Amino acid sequence: MTAETRPVTVLFDADKLILELHHDAEGAYHAFPGAHSRAADAPRVALSLAEALHARIRPAGTAETVLRAWARGAAPQGPVTLVDPSVVPPVRVRAGAVVIRDGAVLLIRFEEDGGPLYEIPGGGVEEGETPEEAVLRELGEETGLGGTVGPRIARVWKDGRHEHYFLVSATGEVGPPETLDNYGGAPVWVPVGRLPVTPLWPRRLSWRIEHWHRTGWPDRPAELADSITELGPPCMW
């Protein structure tokens, strides 16, 4: 199966994006007009950019394209391609642990030719595992920490992967480097306030973690497509 690519409509009223309001088992979400085949009677709402950045907008791939352009001052209007990564069977499922302690978040640092890059601790979900089980196993393997899994704060689709990110209350201390399995990386604590300017992958999740830490964690998981490959430039969309 490949991602659906039929056109959908992007509508603006002045400086607000017009979307349809829908509901699923997790609550409210928004969709572009024309994205749902049976949504003729769906109510429409108008969202500012600030509101849209924190809304669940489907399909996630199209939302990424629109928000990127809008945040850069060139919002598209009219027909755009519908890109829905959620309908494509993932080539890999990943679970990641967002661990915050004393105002710092635990990341895995990698040294690259262009400078350091960071990842949220985590890894592939193995056969027979749930994402919740996988996130604690991976956290232990990469950092030596145990913990308790809290709410799922985000789902991220990137390069054929489906990734689940959980807030984890970790216990213990980071283990000796020789006991950890990080593919050349090293666990480090980074101040949460530095996340928007830290070259962290997934890029579209990094600044949201800092925002949620200040304002409260989301009631429902954020849904983000992330096609960003260059982690250096700041991302606020």
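**Exercise 1. Cis peptide bonds**

Task: In this predicted model, state in which loop Pro59 lies, and describe the peptide bond that joins Arg58 and Pro59.

Solution.
Step 1. Pro59 sits in the loop between β5 (57–58) and α2.
Step 2. The bond joining Arg58 and Pro59 is cis, with an omega of about -5°.
Step 3. A second cis bond runs from Trp201 to Pro202, where omega is near 0°. Pro202 belongs to the loop between β15 (200–201) and α4.
Step 4. For context, most peptide bonds are trans.

**Exercise 2. Positive phi outside glycine**

Task: Determine where Ala14 and Asp102 are located, and decide whether Ala14 and Asp102 are buried or exposed.

Solution.
Step 1. Ala14 has a phi near 60°, a positive value in a residue other than glycine. Asp102 has a phi near 55°, likewise positive in a residue other than glycine.
Step 2. As a general background, most residues other than glycine have a negative phi.
Step 3. Ala14 is placed in the loop between β1 (7–13) and β2 (16–24). Asp102 is placed in the loop between β8 (100–101) and β9 (104–112).
Step 4. The cut-off for an exposed residue is over 50% relative accessible area. Ala14, at 72% relative accessibility, therefore counts as exposed. Asp102 has a relative accessible area of 80% and is therefore exposed.

**Exercise 3. A salt bridge and its network**

Task: Identify which parts of the chain are tied together by the pair Arg155 and Glu26, and name the residues that salt bridges join into one network.

Solution.
Step 1. The structure holds 19 salt bridges. In one of them, the side chains of Arg155 and Glu26 meet with an N to O distance of 2.6 Å.
Step 2. Arg155 is in strand β12 (residues 146–158) and Glu26 is in the loop between β2 and β3, so the pair ties together parts that are 129 residues apart in sequence.
Step 3. Buried residues have under 20% relative accessible area. Arg155, at 14% relative accessibility, is therefore buried, whereas Glu26, at 31%, counts as partly exposed.
Step 4. A further salt bridge links Glu119 with Arg94, with the closest N and O atoms 3.6 Å apart. Glu119 lies in strand β10 (residues 115–119) and Arg94 in strand β7 (residues 92–98), so this pair ties together parts that are 25 residues apart in sequence.
Step 5. Glu119 is partly exposed at 27% relative accessibility, and Arg94 is buried at 2%.
Step 6. Through shared partners, salt bridges join Asp24, Glu26, Arg56, Arg58, Arg155 and Glu223 into one network.

**Exercise 4. The surroundings of Arg137**

Task: State in which helix Arg137 lies, with which residue Arg137 forms a salt bridge, and which backbone oxygen the side chain of Arg137 reaches.

Solution.
Step 1. Arg137 is located in helix α3 (residues 131–143).
Step 2. Its salt-bridge partner is Glu138, with the closest N and O atoms 3.1 Å apart. Glu138 is buried, with a relative accessible area of 9%.
Step 3. The side chain of Arg137 also reaches the backbone oxygen of Gly124, at 2.9 Å.
Step 4. When neighbours within four places in sequence are left aside, Arg137 is in contact with Gly124, Glu126 and Glu129.
Step 5. Arg137 and Leu19 are 118 residues apart in sequence, and their C-alpha atoms are 40 Å apart in space.

**Exercise 5. The largest pocket and helix α4**

Task: Give the amount of space in the largest pocket, find which element gives the most to its lining, and state whether Ser206 is buried or exposed.

Solution.
Step 1. The largest pocket holds about 360 Å³ of space. It is lined by 23 residues, of which His54, Ala55, Arg56, Arg220 and Ala222 are the closest to its centre.
Step 2. The elements that give two or more residues to this lining are β3 (27–31), α2 (60–71), α4 (203–215) and β16 (222–225). The greatest contribution comes from α4, with 5 residues.
Step 3. By type, the lining divides into 12 nonpolar, 5 polar and 6 charged residues.
Step 4. Ser206 is found in helix α4. With a relative accessible area of 1%, Ser206 is buried.
Step 5. Not counting residues up to four places away in sequence, Ser206 touches Leu195 and Leu200.

Technical notes:
Residues are numbered from 1 along each chain as its sequence is written. This is a predicted model: local features need pLDDT of at least 70, side-chain atom pairs count only at pLDDT 80 or more; totals for chains, interfaces and linings use all residues. Side-chain values use heavy atoms; hydrogens and water are left out. On a 1 Å grid over the protein atoms alone, a cavity is a set of points where a 1.4 Å probe fits but cannot get out, and a pocket is an open set with protein on both sides within 12 Å along at least five of seven lines; lining residues have an atom within 4 Å of a point. Grid points are joined across faces, edges and corners, and a volume is the space filled by probe spheres set on the points. Helices (H or I, at least four residues) and strands (E, at least two) are DSSP runs, numbered from the N terminus. Ala, Val, Leu, Ile, Met, Phe, Trp, Tyr, Cys and Pro count as nonpolar, Asp, Glu, Lys and Arg as charged, and the others, Gly among them, as polar. Buried means under 20% relative accessible area, exposed over 50%, partly exposed in between (1.4 Å probe, protein chains only). A salt bridge is a side-chain nitrogen of Lys or Arg within 4 Å of a carboxyl oxygen of Asp or Glu. Contact means heavy atoms within 4.5 Å. A polar contact is a pair of N or O atoms within 3.5 Å; within protein, one must be able to donate a hydrogen and the other to accept it, and residues adjacent in sequence count only if both atoms are side-chain atoms.
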